[in-house]
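The exercises below ask for a careful reading of one structure, and each is followed by a solution that goes step by step. Please look at the sequence and the model before turning to the solutions.

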Amino acid sequence: MMLYSRNTIFIQELSAFIGNEVELQGWIQNKRSSKGLIFIVLRDGSGFVQCVIPEEKLGTELFRQIEGLGLESSLHLKGMVIADERQIGGVEVQVTEVRIYHNTQEYPISKKEHGVEFLMNNRHLWLRSKRQWAIMRVRNCIIMAIHHFFQERGFVQMDAPIFTGNAVEGTSTLFETTFFDKPAYLSQSGQLYGEAMAMSLGLIYTFGPTFRAEKSKTRRHLSEFWMIEPEMAFYDNERNMDLIEDFLRYVVTVCLEQCADELQLLERDMQVLSNITKRFPRFTYDEAVMILQGKKEVNGKTTLGLLAEELRDTMKRINEIESDIAGREEALKAGGIKKGVIQFNEEKIRNLKIELKELQEMERNLPLWIESAKAFEYGNDFGGSDETVLTRLFDTPIMVYNWPKAIKAFYMKEVGGNPKLVKGVDVLAPEGYGEIVGGGERETDLQKLVDSINLHQLPMSAFEWYLDLRRFGSVPHAGFGLGLERMVSWICKIQHVRESIPFPRMMGTLFP
């Protein structure tokens, strides 16, 4: 019997050990048997590899034990690494020894389709699936790229408090709690504190959890999420936008370089992400409204014309898929076909039904988006559907700047010569992902800031410390906030933001 060993390696290292004997440990991701052989897909957190276990090497008794193992059973094995380009990672392991750590039976998440509610209730187990594994590794890559970007440019990481006595943008969407004998809130942003820290250190960024109590269950909303918020002394909004563009380009490029396997597993179109090298189009709010309403062309197309074209193509594709599914189901029903053909058709039907469901949702949404775009009123903020429509004409993120003051936060700096506009900027990701960055230049005029606090009906006493930043050594400064989970969702092309964080917290979801 093989003893526990300290000589194990990780699956991600296997390509360097071709022709050598190695020891691995991990969990059974998949298993099948065939004529004295067991084929296991082993995962260990770093990757996946096929392991071939022959009965003649292990003996009948141990072979039968392994045959009886369920999904997620844990093993320690020894074997020879063989090059095989047909397999995951280009290698497989010919096993010579096995030690069973734990025999798992009736693992709840099987190969069959599960509903979202079931998967959310079993999130602690769902994280083990290939898709969730890939998403979490991309998330990690994004986090490390963010730190590298700012650290390499002289930024200092700082921490803003989670308990706060004042709101950044009002208290209507905050979780209220009691801090000893005083009311307090869970922070919705570290930005105000970031401004104070920037007045000391020049270039800073915060990276931490933030909270919003909006009673929303859309695919873009979480109640607890992570924000990256840099703040820069002596920056105006033009320089701020340049930094944002450099930042997003850097993070996406790093992910393309370091997470190609994970993105491929997620079936992400990496060519779309490669467009990050292009210059981001920049539009004023006024220009963006004209584009949204279909009154301004971009590269010879309008939003309304493009949406109408997409609706026609979607309906055509729906008809094609429905016909294809019907034909394959009829062939299966008739019988008389080989097992391999049956399995191929069943898998094809499953995939077609997934595509059909997505297209049917598009068929419902497109007419609504068209009507919403036509009816959009100048002065309103962009909603999720507006952002989706606006970005459909572009293959890169776009920047919208100089927003109506009435719909932006109290601390935004007025545009010179037009007090109705402020120097804010939103970055909207393509492919319908909408806002991933919001920021702008901060108001430095003390009286204008006081007037704005009063206009927003915020308690002046809670902001006296913030006003001190304008009383003592005020300088031009700017900053922005990036929602980490929205960034993960876009890069991985996740339909719902709940898959972008290990344990999502949103309305109706508190466990596990």
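A residue counts as buried when its relative accessible area is under 20%, as exposed when it is over 50%, and as partly exposed in between. The model is a predicted one.

**Exercise 1.** Determine how Glu 238 and Glu 245 are each paired with Arg 282, and state the burial of these residues.

Solution. Begin with Glu 238, whose relative accessibility is 45%, so that this residue counts as partly exposed. Its side chain meets that of Arg 282 in a salt bridge, with an N to O distance of 3.8 Å, which is within the cut-off of 4 Å. The two partners come from distant parts of the chain, since Arg 282 belongs to strand β12 (residues 282–284) and Glu 238 to helix α7 (residues 237–258), with their positions 44 residues apart.

Next, take Glu 245, which also forms a salt bridge with Arg 282, the closest N and O atoms lying 3.1 Å apart. This pair again links distant parts of the chain, strand β12 to helix α7, at a spacing of 37 residues. Both Arg 282 and Glu 245 are buried.

**Exercise 2.** Explain the spacing of the salt bridge between Asp 468 and Arg 471, and then place the pairs of Exercise 1 in a wider network.

Solution. The side chains of Asp 468 and Arg 471 meet in a salt bridge with an N to O distance of 2.7 Å. Because the two residues are three apart in helix α15 (residues 464–471), about one helical turn separates them. Asp 468, at 30% relative accessibility, counts as partly exposed, and Arg 471, at 36%, falls in the partly exposed class as well. Turning to the network, salt bridges with shared partners join Glu 238, Asp 242, Glu 245, Asp 246, Arg 249, Arg 279 and Arg 282. The structure as a whole holds 36 salt bridges.

**Exercise 3.** How many disulfides does the structure hold, and why is Cys 141 not bonded to Cys 259?

Solution. The count of disulfides is zero. For Cys 141, the closest cysteine sulfur is that of Cys 259 at 3.7 Å, which is too far for a bond, because a disulfide requires the sulfur atoms to be within 2.5 Å. For Cys 492, the nearest cysteine sulfur belongs to Cys 255 and is 7.7 Å away, and Cys 492 is in no disulfide. Cys 141 is buried, with a relative accessible area of 5%, and Cys 492 is likewise buried, at 2% relative accessibility.

**Exercise 4.** Describe the largest cavity and its lining, and then the surroundings of Glu 387.

Solution. Rolling a probe the size of a water molecule over the atoms shows where empty space is left. There are two cavities of 30 Å³ or more, and the largest holds about 90 Å³ of space. Its lining consists of Arg 219, Arg 220, Tyr 433, Ile 436, Arg 486, Ser 489, Ile 494, Gln 495, His 496 and Val 497. By class, these lining residues divide into four nonpolar, three polar and three charged.

As a last step, consider Glu 387, which is found in helix α13 (residues 384–391) and counts as buried at 6% relative accessibility. Leaving aside residues up to four places away in sequence, Glu 387 touches Arg 220, Phe 382, Leu 428, Gly 434 and Glu 435. Arg 220 is thus one of the residues in contact with Glu 387 and is also one of those lining the largest cavity.

Terms used: Residues numbered from 1 in each chain as written. Predicted model: local features only at pLDDT ≥ 70, side-chain atom pairs only at ≥ 80, totals over all residues. Heavy atoms only, no water. Buried < 20%, exposed > 50% of the residue type's maximum accessible area, 1.4 Å probe, protein only. Helix = DSSP H or I, 4+ residues; strand = E, 2+ residues; numbered from the N terminus. 1 Å grid on protein atoms, 1.4 Å probe; cavity = no way out; pocket = protein on both sides within 12 Å on 5 of 7 lines; lining within 4 Å. Points joined across faces, edges and corners; volume = space filled by probe spheres on them. Nonpolar A, V, L, I, M, F, W, Y, C, P; charged D, E, K, R; others polar. Contact = heavy atoms within 4.5 Å.
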